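User: I would like to go through this model in short steps. Please end each reply on the value or name I ask for.

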Amino acid sequence: MKLTVWTYEGPPHVGAMRVATGMTDLHYVLHAPQGDTYADLLFTMIERRDHRPPVTYTTFQARDLGADTANLFKQAAQDAYDRFKPQAIIVGASCTAELIQDDPGGMAETMGLPVPTIPLELPSYQRKENFGADETFFQIVKTLAKPMERTKQVTANLIGPTALGFRHRDDIQEVTALLSDMGISVNVVAPMTSSPADIARMGAAHFNVLMYPETAESAARWMERDLDQPYTKTVPIGVGATRDFVNEVATITGKDAYLDTSRLRLPWYSKSVDSTYLTGKRVFLFGDGTHVLAAARIAQDEMGFEVVGMGCYNREMARPVRTKAKDMGIEATITDDYLEVERVIEALQPEMILGTQMERHIGKRLGIPCAVISAPVHVQDFPARYSPQMGIEGANVIFDTWVHPLVMGLEEHLLHMFREDFEFHDAAGPSHHGGHAPAASGSGGPAPRPADSPRSFSSKMNEGSVVWLADAEQELKKIPFFVRGKARRNTEIFATERGVDEISVDTLYEAKAHFAR
Amino acid sequence: MTELPRLPTAGGCRETPILKQRGQREVFCGLTGIIWLHRKMQDAFFLVIGSRTCAHLLQSAAGVMIFAEPRFGTAILEETDLAGLADAQDELDKVVDELLIRRPDIKQLFLVGSCPSEVIKLDLAKAAERMTQRHAPSVRVLNFSGSGIETTFTQGEDACLASMVPVLPKTDERQLLLVGALPDVVEEQAIGLLEAMGIGPIKVLPAPRANSDLAVGPNTVYALTQPFLGDTHDALTRRGARHIPAPFPFGEEGTTQWLAAIATEFGVAPELFEQVTTAPRARARKAIAQAAEALNGMSIFFFPDSQLEIPLARFLTRECGMEAIEVGAPFIHKGIVGPDLDLLAEGPTISEGQDVDLQLDRAKAAKPDLTVCGLGLANPLEAEGLATKWAIELVFTPVHFYEQAGDLAGLFSRPIRRADLLKLDPVSSDGKYDGGVGAGPHAQQP
């Protein structure tokens, strides 16, 4: 039993739903109690989908448990087929149905439905959402895709995009353009946008572009082995990775490596004079493995940040993330415990967080700016505008997204020079973030409920025996809020190392000189 | 007292046969109630004993992601817990110890059962008893089920409040108990009106804190402020308290009838009742009239969601001039919503439970001007050109009593006003709008 406040990933059947909802003409019959239908709103509200996810829930109730939940399942499956006439059906159980052991897969097979019926084994008490998506897509591909004659021209399948994916919609367009510039067309994009009939013709492509290892690595490996299709290992997020991707595709296909950089602005923006204020900013990275690995490279090589910590919530990606962290001389945090991530961030006191919506909350509480780089998704992660992460435009988007939460160059200097200004208080965020009125409770949200003071679970850092003298404490308050945490921590470390148990104004400035870069 | 409600001439809906279908339901489970209960009870923590799905539901339902540290969490069952039940109780003790050390401010802990914990028959009542002894007197531990195999959405609040009733101290004092978790501002208005009529003492369940002087007994009379509190109603009756049946306090008429029922019980003079209610009644009528302009003559279709459907249909048809096509509720308790059914004119289909696909067929055929439904259905229906009102907003917004009556009507008129305001659909060559149904982003997927 594990106490959980927030989760980075949903249960595995939600991963299966992401695959099914991204596809067309596929239906998912899910043995589940009524409450599990909440998952529909993830798609219709967060992603603003205009169709219900293609999922039929059996919605059994307590009174059914003593009776016949198996028949209920068969009836639901038959009704779903009759009503939706899908090209293929996937069947499975959610966490509760797994406990009653009705074997939906076995039952569906005996029903003799006239379309392929694909059973899913998704252990709810061991695995999570990404596994569910990866396994579901793998089972669909394994059942439907067959070796076949290749297309005459060089073509690729783009694999990995799903419903409710972080910018998947726009990444598809960007990668399609990258390939098109090299004279390679797309055979099938899957699971998002494809039907079971499309999956059946995936074997015609010359290779696969594995866009998101989280959701399609098992399928990519199977197709490499059984359909003889190589797959790309580089995820084209960032300038360097996009160049490497183009080279990798050239190697696989024998085509010339070609990259149209006419719209690429990140390199010049990073080299422009005002970007010196980005140099050496201490950042902490957290998210899914793929996006964190890409962000680490961009942060270090393309923005000039100092990566002080990184990690991912999906254990499947622990190995590459640990390796990358080791290369950078830091330790990786592999956990799905949000409180642990919070503790790490508190201890590291980065100047910026590149994380998920969870870390955005942590940043808010600790007064550290945060840009979102990864799922789990929020309604804000589905912007109306074109906003990819991959390819040339993705690099441009990332530059803007990461710089946006920061205090701009000259503004930072002004804050240093006029730190006594009454408007430069802790609650005043960067000036381009709109008014600094007290956060209004939005209408429609849980506003009318009495607000209490948010209490943090996390225990305060042990301040040990070091005492701040009043004038030093006063001086500390004059330091701009966005570096104050670091100054406090550095000063305390400095004092502890020297056996100083009282921090005076002099100690503060001695520490500043000691840590000066 | 005051003038009697105009009963529908053709008769109300109390005896209307109820359409019951069995099929897929599209509703939240009772765990969802935790989202507002944990804000209402400021020293309570809700610990769900369940799966990753439960944790995911709570954070998804909580406005997608919430901005303050919540006073709820999930003890996620793992393979090892499922293997042997003896473990699960020990594991739960560990989790609770850990939690209470971290949160010494917690005075009430609710162990909340879920689908998986019900299926494996994890005895949370036993656990709560053991923990109450262990952590007494600083923490009281109670348990209830919010599982989706037993409860629907607002039934979670009912189960929670019902779990508190047996442990309330006994009192013989003559008192009024208001039952239901309301936003503070609304609760204060109700108490203000009743006190102005000289009614008291007034207590509220749930109280904001555990150490309140809440008690119950044979001289307690209680009024429900929410129509979904069937189990709580029964639990209070078992403690000897007596229910004051009334229409629910939505709209001017509902609020007046609700207050009148209590005033009658306490023998309030008609003049005093008039004096206290005249001004707010006039304000409520005026506010409703503004929003009702857009609603008058419009048809409405309710999918089952919060159990507020019947009282709301009564309000919208009688005070806003709407026509109800179907009023679906997850569960209909006639002992509680009977007075509202009496006032709801015969005509609409009254349905309980659902087969969502069949109900969607009926809604699409009826083409209502406004459809009240859950979040999973709203955007898909909007994309088909049906204006919708998300039902969950009705339990997350102050909508009770006189001063909110206009806001309540406004919740329904806004989607209709929006449809008039937006000029987004393509204009055909003859200058007329040529539809625009199905204009959603995924409408033309390859």
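User: Into which domains is chain A divided?
Analyst: The model is predicted. The domain assignment splits chain A into three stretches. They are domain 1 (12–127), domain 2 (145–253) and domain 3 (266–406).

User: How many residues of domain 1 of chain A are in contact with domain 3 of chain A?
Analyst: The C-alpha centres of domain 1 and domain 3 of chain A lie 36 Å apart. Domain 3 of chain A gives four residues to the contact. From domain 1 of chain A, the number is also four.

User: And which classes make up the side of domain 1 of chain A that touches domain 3 of chain A?
Analyst: That side has no polar residues. It divides into two nonpolar and two charged.

User: What share of the residues of chain A count as buried?
Analyst: Chain A holds 21 helices and 15 strands. Among its contacts with a separation of 6 or more, 71% join residues 24 or more positions apart. Of the 517 residues of chain A, the buried share is 49%.

User: How many residues does each chain give to the contact between chain A and chain B?
Analyst: Both chains contribute to this contact. Chain A gives 62 residues and chain B gives 74 residues.

User: Which element gives the largest share of the side of chain A that touches chain B?
Analyst: Several elements give two or more residues to that side, including strand 1 (2–4), helix 4 (69–84) and helix 16 (357–366) of chain A. By class, the side has 27 nonpolar, 23 polar and 12 charged residues. The largest share is six residues, and it comes from helix 2 of chain A.

User: Which residue is the bridge partner of A:K2 in strand 3 of chain B?
Analyst: Strand 1 of chain A and strand 3 (residues 72–76) of chain B are joined by three bridges. The two strands run antiparallel. Within strand 3 of chain B, A:K2 is partnered by B:I76.

User: Why do strand 1 and strand 14 of chain B each have one side without a neighbour in the sheet?
Analyst: The sheet is open, with six strands in the order 1-12-11-10-13-14 and parallel pairing. Each of these two strands has a single partner strand, so one side has no neighbour in the sheet. Strand 1 (18–20) and strand 14 (388–390) of chain B stand at the edges.

User: By how much are neighbouring strands of this sheet turned against each other on average?
Analyst: The value ignores direction. On average the turn is 20°.

User: Which residue in strand 12 of chain B stands opposite B:I18?
Analyst: Strand 1 of chain B pairs with strand 12 (residues 349–352) of chain B over three bridges. The sense is parallel. Opposite B:I18 stands B:I350.

User: What angle does helix 16 of chain B make with strand 14 of chain B?
Analyst: Helix 12 (residues 309–319) of chain B packs on the sheet, touching strand 10 and strand 11 of chain B. Helix 16 (residues 402–421) of chain B packs on the sheet too, touching strand 13 and strand 14 of chain B. Its direction makes an angle with that of strand 14 of chain B of about 140°.

User: How are helix 10 and helix 12 of chain B set to each other?
Analyst: Their axes come within 8 Å and cross at roughly 120°. B:G251 and B:E252 are among the residues of helix 10 of chain B that meet helix 12 of chain B, where the partners include B:R314 and B:F315. The residues of this contact divide into two nonpolar, two polar and five charged. By their angle, helix 10 and helix 12 of chain B are therefore oblique.

User: Which residue does a cis peptide bond join to B:G200?
Analyst: Omega of this bond is about -5°. The partner's place is in the loop between helix 8 (184–196) and strand 7 (202–205) of chain B. It is B:P201.

User: And which residue does a cis peptide bond join to A:A190?
Analyst: Omega here is about 0°. The partner lies in the loop between strand 7 (185–190) and helix 9 (196–200) of chain A. It is A:P191.

User: Is B:K121 buried or exposed?
Analyst: B:K121 has a positive phi, near 55°, and is not a glycine. Its place is in the loop between helix 5 (115–119) and helix 6 (124–135) of chain B. B:K121 has 8 C-beta neighbours inside 10 Å, so it counts as exposed.

User: Is B:F401 buried or exposed?
Analyst: Phi of B:F401 is positive, about 70°, though the residue is not a glycine. The loop between strand 14 and helix 16 of chain B holds B:F401. B:F401 has 27 C-beta neighbours inside 10 Å, so it counts as buried.

Technical notes
Residues numbered from 1 in each chain as written. Chains lettered and ligands numbered in written order. Predicted model: local features only at pLDDT ≥ 70, side-chain atom pairs only at ≥ 80, totals over all residues. Contact = placed C-beta atoms within 7 Å. Helix = DSSP H or I, 4+ residues; strand = E, 2+ residues; numbered from the N terminus. Nonpolar A, V, L, I, M, F, W, Y, C, P; charged D, E, K, R; others polar. Pairing = 2+ DSSP bridges. Axes fitted to C-alpha atoms, helices over the stretch in contact; angles between N-to-C directions. Domains from an automatic or database assignment. Parallel < 35°, antiparallel > 145°, perpendicular 65-115°, else oblique. Buried ≥ 20, exposed ≤ 12 C-beta atoms within 10 Å, placed from the backbone.
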